[in-house]
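Okay, thanks for coming, everyone. I'd like to walk you through one structure today, so let me put it up on the screen.

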Amino acid sequence: MITYTKYPSLLFLSYNKENAPAELPFEVASAQVRDYLATSKGFQEMFAIIGYLNSEGHHPEHFYLKEPHFKKVEYDAPFRNRHFLDFLRNPPKEIIYGCICMKDCGQYVYLYLPPHKGKLKGLGCGYFAAAFFIENTFFGFEEAELGSGFGVMPTGHYSNNMDIGGYLSFSAISLSSFWAGMVPLPGGLNKTTEKIWTKNIA
């Protein structure tokens, strides 16, 4: 069941420039992680850009990975390769951002800027960022420039033996696999006011 308590990133992504708190109320595992976040320009700018976009009339797109879908994204190599390449070859033409929710309160907050919007990050190319939370605790972040390839920037923070590129590839594969055949998550499972999409995969 999706609630704001179990998946607080949904609430974080609803803020705009006028109502955003000075600090998002999430936890970290250690003082070292807190120090990283205090100096992480990429992480701070991700939520600032999302707040700006909300103020400008954009809306987040949220998704829920059901267990069979999650297993495909996490473990099925042909599925992963196909959808990762599809994301690179056919990236979104417009800005997309939101939260990918999954079992055990896992949440990937993502932000994608197409090349003509890369200027929001001071870039002349596309941009992709993802942060991983479990319930109300931050675990990881990474960002990439999307030009002629997928250039992961050396600014990430990784937990639980996550490989470089892991947060972004999981998010990209998930998004690509949702772009056809998705349906609204039933109200019996979604106890928030957010619109959340899901997909039935055997």
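Let's start with histidine 62: buried or exposed? Buried, because its relative accessibility is 1%, and buried here means under 20% relative accessible area, with over 50% being exposed and partly exposed in between, using a 1.4 Å probe and protein chains only. Keep in mind that this is a predicted model, where local features need pLDDT of at least 70 and side-chain atom pairs count only at pLDDT 80 or more, while totals for chains, interfaces and linings use all residues. Numbering runs from 1 along each chain as its sequence is written, and side-chain values use heavy atoms, with hydrogens and water left out.

Histidine 62 sits in strand β1, residues 62-64; strands are DSSP runs of E, at least two residues, helices are H or I, at least four, and both are numbered from the N terminus. A polar atom of the histidine 62 side chain is 3.1 Å from the backbone nitrogen of cysteine 99. Beyond four places in sequence, histidine 62 has contacts (heavy atoms within 4.5 Å) with residues including Leu10, Leu13, Cys99 and Trp197.

Now the greasy part. The largest nonpolar core, meaning buried Ala, Val, Leu, Ile, Met, Phe, Trp, Tyr and Cys residues joined through side-chain atoms within 4.5 Å, has 36 residues. Among those with the most contacts inside it are Phe26, Phe43 and Met46. Which element gives the largest share of this core? That's α3, with six residues. Methionine 46 touches Val109, Leu111, Ala129, Ala130, Ala131 and Phe141, leaving out residues up to four places away in sequence. Apart from that core there is another one, of 27 residues, with Tyr108 and Phe170 among them.

On to pockets. A pocket is an open set of points on a 1 Å grid over the protein atoms alone, where a 1.4 Å probe fits, with protein on both sides within 12 Å along at least five of seven lines; lining residues have an atom within 4 Å of a point. The largest has a volume of about 490 Å³, the volume being the space filled by probe spheres set on the points. It has 21 lining residues, and the closest to its centre include Phe26 and Phe43. Again α3 turns up, giving the most to this lining, seven residues.

The second largest pocket comes to about 340 Å³. Of its 17 lining residues, Phe70, Glu74, Met102, Tyr108 and Phe132 are the closest to the centre.

Key. Polar contact = N/O pair within 3.5 Å; in protein donor to acceptor, adjacent residues only side chain to side chain.
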